[in-house]
Amino acid sequence: MDKGIPNKLFFKIGEGCEITDTQPYVLRYWESEFPALAPAKNSSGQRSYRRKDIETVLRIKQLLYDEGFTIAGAKKRLESEASGGGSTEERPVAAQPAAAPEADERTRTVLLEVKDQLREIWTLMDKGAKQVH
């Protein structure tokens, strides 16, 4: 997840944006949403991101954009990883076994039954609405 982070102690917000390919408003918003992302501010009030902050931004970006997490889901995942419940390294996704053809047929049958039942409900509701008028 290193993405070429320069070997520096601190990064200004513009440098952080360039490294992580994000906009400043996105970083500021993520700071408000993710407690793990808390850059220090220098004496003039400018944010000073450490390497760990940049790595956190990259991980948040990966969770949200690449893995499709919501903000809440990404927050939980980061908390889990911070408490040792998960790794910050990318893990390969296990291949999903192909569904058996008979399972597909069962699913199709159930969906057709649901469709028929919904049509019956709609018909009953339509008849009831006509009787009221």
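A residue is called buried when its relative accessible area is under 20%, exposed when it is over 50%, and partly exposed in between, as judged with a 1.4 Å probe and protein chains only. By this definition, 23% of the 133 residues of the chain count as buried. The structure is a predicted model, in which local features need pLDDT of at least 70 and side-chain atom pairs count only at pLDDT 80 or more, while totals for chains, interfaces and linings use all residues. Residues are numbered from 1 along each chain as its sequence is written, and side-chain values use heavy atoms, with hydrogens and water left out.

The chain has five helices and two strands, and along the sequence these follow the pattern α-α-β-β-α-α-α. Helices (H or I, at least four residues) and strands (E, at least two) are DSSP runs, numbered from the N terminus. Of the contacts in the chain with a separation of 6 or more, 50% come from residues 24 or more positions apart; contact means heavy atoms within 4.5 Å. The chain exposes about 9900 Å², and carbon and sulfur atoms supply 55% of this area. Accessible areas come from the Shrake-Rupley method with a 1.4 Å probe, and for residues only the protein chains shown count as cover.

Helix H1 spans residues 13-20, and its buried residues are Gly16, Cys17, Ile19 and Thr20. Seen down the axis of H1, these buried residues fall within an arc of 165°, so they line one face of the helix. The arc is that of the directions from the helix axis to the C-beta atoms. What covers the buried residues of H1 includes H2 and H3. Just after H1, Asp21 takes a positive phi of about 55°.

Helices H2 and H3 are also linked by aromatic side chains. The structure holds one aromatic pair: Trp30 and Tyr65, in a tilted arrangement with 6.1 Å centre to centre and 50° between the planes. Trp30 lies in helix H2 (residues 24-33) and Tyr65 in helix H3 (residues 51-66), so the pair ties together parts that are 35 residues apart in sequence. Rings of Phe, Tyr and Trp (its six-membered ring) pair if their centres lie within 6.5 Å; planes under 30 degrees apart count as stacked, over 60 as edge-to-face and the rest as tilted. Trp30 is buried, with a relative accessible area of 3%.

Ser48 belongs to strand E2 (residues 47-48). With a relative accessible area of 14%, Ser48 is buried. Not counting residues up to four places away in sequence, Ser48 touches Phe10, Phe11, Pro39, Ala40, Asn42 and Asp53.

Charged side chains add a further set of links. A salt bridge is a side-chain nitrogen of Lys or Arg within 4 Å of a carboxyl oxygen of Asp or Glu, and a search of the whole structure finds eight salt bridges. One of them joins Glu15 to Lys8, with the closest N and O atoms 2.6 Å apart. Glu15 is partly exposed at a relative accessible area of 29%, and Lys8 is partly exposed at 36%.

Within helix H3, the side chains of Arg51 and Glu55 meet in a salt bridge (3.5 Å, N to O). These two residues are four residues apart, about one turn of the helix. An α-helix has 3.6 residues a turn, so residues three or four places apart point the same way. Both partners are partly exposed: Arg51 has a relative accessible area of 27%, and Glu55 has 30%.

Another salt bridge connects Arg59 with Glu81, the closest N and O atoms being 2.5 Å apart. Arg59 lies in helix H3 and Glu81 in helix H4 (residues 71-82), so the pair ties together parts that are 22 residues apart in sequence. Both residues count as buried, Arg59 at 5% relative accessibility and Glu81 at 8%. Salt bridges that share partners join Arg59, Glu67 and Glu81 into one network.

On the surface, Val110, Val114, Leu118, Ile121 and Met125 make a nonpolar patch of about 470 Å². Patches are made of residues with over 30% relative accessible area and no salt bridge; like charges are joined within 9 Å, and nonpolar side chains (Val, Leu, Ile, Met, Phe, Trp, Tyr) within 5 Å. One of the patch residues, Ile121, lies in helix H5 (residues 101-132). Ile121 is partly exposed, with a relative accessible area of 44%.
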